[in-house]
Amino acid sequence: MARVVVDVMLKPEILDPQGQAVQRALPRLGFDGITDVRQGKRFELELEGPVDEAALARIREAAESFLANTVIEDFTVRVEAEGEK
Amino acid sequence: MSLDTVKNALEHPDVEQPFAELGLKPDEYTRIREILGRRPTSSELAMYSVMWSEHCSYKSSKVHLRQFGDKMPENDAMLVGIGENAGVVDVGQGYAVTFKVESHNHPSYVEPYQGAATGIGGIVRDILAMGARPVAVMDPLRFGAAEHPDTRRVLPGVVAGIGGYGNCLGLPNIGGEIVFDPCYQGNPLVNALCVGVMKHEDIHLAQASGAGNLVILYGARTGGDGIGGVSVLASETFDADGPAKRPAVQVGDPFQEKLLIECTLELFREHLVAGIQDLGGAGLSCATSELASAGSGGMRVELDTVPLRDHTLSPEEILMSESQERMCAVVEPAHVARFMEICDKWDVIATVVGEVTEGDRLEIFWHGEQIVDVPPRTVAHEGPVYERPYARPQWQDTLQADAAERLPRPGTADELKAALLDLVASPNLADKSWVTDQYDRYVLGNTVLAQPEDSGMVRIDEETGLGVALATDGNGRFCKLDPYTGAQLALAEAYRNVATTGARPLAVTDCLNFGSPEDPAVMWQFAETTRGLADACQVLGTPVTGGNVSFYNQTGETAIHPTPVVGVLGVIDDVERRTPVGFAEEGQIILLLGDTHEELSGSAWAQVAHDHLGGLPPRVDLERERLLAEILIAGSRDGMVDAAHDLADGGLAQALVEACLTGGHGARVVLAEDLDPTVALFSESAGRAIVAVPRSEEMRFSDMCKVRGLPCARIGVVDGDTLDFQGHFTVALDELRTAHERTLKALFG
């Protein structure tokens, strides 16, 4: 079994109200020195077969068309090594 | 890139500038050079390019929109007219109401959720900037064919965006429309209307007067949102293969907007604001130049003081950014401290970014160096004006000759019944609850009517029951057949819808959605529409108070149907007197008001049964509309009428079905014998309504109609759990309800 991780983040120029809300809350809770927060999404996809180029291409397609809204979001795809958590 | 200062522009006059990429034509660029007597700096070029875009300058529509002023009917209710952020109307008891409809079409196609959400945000700030508390919103929407896969992408996103933003903001969504037609496939129309309430003395205007007054930018930080959005997004045609251009989409934050509303209203209450402008399309370029242009002096802005979300933004980008939830106020120096205190209380960032000056220039500085030095009027109010050529298209005659009255009609009782069931289940006439249930219709506790009623109605004074009613309408199919008549039909329908609920129509706002103004056929449609609308407003005595024009709604060479969306605002002295749609009581008499003609062209029946569009739209009789409205208002005021519904799409049949299903009671109906049943059921003749009156009031009501000369025919009785067209067919309400309610759920649920 192999795991592929897709991280989805709002594009840098896009407003992130959630991230801002977190950032405003941090100093109230005593966590100082944090100047910016951006919040994203992480998908962990368990694969049936081997992680070859074809499998990754399909995942990229899924990310592009479904997991991420590429109008406002960027995504990265990476393979998580065995045992990594 | 090095900073392009005014000094630099003088020293290096021959730098090649990307005016074409910014959407400016060569002659417009030449004119900017003439106005300034030199080449513009890159910041100036950015400002001119967004402000002279079609979206901001109305350069193609201005010559036609003038009619709304020239032909304006006498109306004492009008307090502020066209040209301000929104028109203001007196509704009595010391209250004034401001309302406006705007388009957010192109952004909503690119990113449906955020496009629709920020459409709400933008129109709400327009209303707020007039000094009013926003009290309700409405969304007239047009999508491509209901079954098309792209509609499944666009519609749920748009609806979720409207709900997401409006619900978080705490504003009830009290109505609007949803229309499907293949002509909107690549160009959905997402219009948004907001209405706000204030006392007369609270009206605020967008102007910067009084040298020494400070310019304060408050609200969200400025980021790279929608840079060039105005000129690129709102004024360019999409290629046939979909949204290829993807500039930074604006993302809205309704919670920030809520803070902005409460903060701004408190600033108004303490009289701390001398002039105010919201930041919408064209952002700071628009706000600074419009404020300065409308005021008596000039303005000086230190652009590097603008709070940023992204510190890499260039001055040009800051000027063009369309970051949401920002406002710009002009404040006397003595009031600045208190102003800041209130902003701080609401957690709203506020920054003094400039001041009003003695001169007549808008000057903008970046770290001490001057990057803009322009006469503000040339940016904001004296942009180019085009007399675009227009010509009646050649296909218009062929289209009008192809009348729907010649199409085969249902011959038997079974066929008539099947036609009715098809009609009530068709996406345009089907129940819209799947959409409207996603909107909060009752938040704030003042909504007395919302979808599926003829108008939305909100109470504005809890003591007296004073309320306002609003309806929007616009039938693109009728307008395609004859834009002059179609526009008048749109107005007549919205006017009728308001009167049907018992409110007196007062004023109009319109959102004119069209194809490319560079196409003479489209320009002809636009000219005819504005002429029709202005003429009709004159007869009905309802002035146009403001609105918006959206051009370039076309994919390749194919334009959408000309679609003027007309919003009518009415006032009702006591909302307790309102008339709802649904039949509420067994035994009440159903009366049909107005005349039914053989008018099937452009009708919903022609579309559903034959996928046909041709012929001439129904005739308009504005005097009749006026009379009908007076009767409906009197019937409501004197308590004679218990239910009323206007007749429009789908004719008498659809109106009866809606009245039965909404009220939960059936009806026995006799169709006029001198009419073909298809005509009696499905003709869309204007100037008609059905009312349900108690038996005890029937005589009084029909006598009133007789005396005033309004045709009034007794057509049936509220009765049972079937809709029975006597001598033709009977259909159970359950069967109607199933057909009516399953469509949208099946398509999008």
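Two exercises on a predicted model follow, each with a worked solution.

Residues are numbered from 1 along each chain as its sequence is written, with chains lettered from A and ligands numbered from 1 in the order in which they are written. In this predicted model, local features need pLDDT of at least 70 and side-chain atom pairs count only at pLDDT 80 or more, while totals for chains, interfaces and linings use all residues.

**Exercise 1.** Describe the open sheet of chain B, starting from its strand order.

Solution. Strands (E, at least two residues) and helices (H or I, at least four) are DSSP runs, numbered from the N terminus. Two strands pair if DSSP finds at least two bridges between them.
- Step 1: the order of the seven strands is β23-β25-β22-β26-β24-β27-β28 (chain B), and the pairing is mixed.
- Step 2: β23 (643-646) and β28 (729-732) of chain B pair on one side only, as edge strands.
- Step 3: three bridges join β24 (667-669) and β27 (722-725) of chain B in the parallel sense; Val669(B) is opposite Phe725(B) there.

**Exercise 2.** Characterise helix α19 (residues 483-500) of chain B.

Solution.
- Step 1: α19(B) has 18 residues and spans 25 Å from first C-alpha to last, close to the expected 26 Å (1.5 Å times one less than the number of residues).
- Step 2: 18 of the 18 residues of α19(B) are buried, so the helix is largely enclosed by the rest of the structure. Buried means 20 or more other C-beta atoms, placed from the backbone, within 10 Å of the residue's own.
- Step 3: Gly502(B), just after α19(B), has a positive phi of about 100 degrees.

Notes:
Two residues are in contact if their C-beta atoms, placed from the backbone, lie within 7 Å. Axes are lines fitted to C-alpha atoms, for helices over the stretch in contact, and angles run from 0 to 180 degrees between N-to-C directions. A residue is buried if 20 or more other C-beta atoms lie within 10 Å of its own, exposed if 12 or fewer, and partly exposed in between; C-beta atoms are placed from the backbone.
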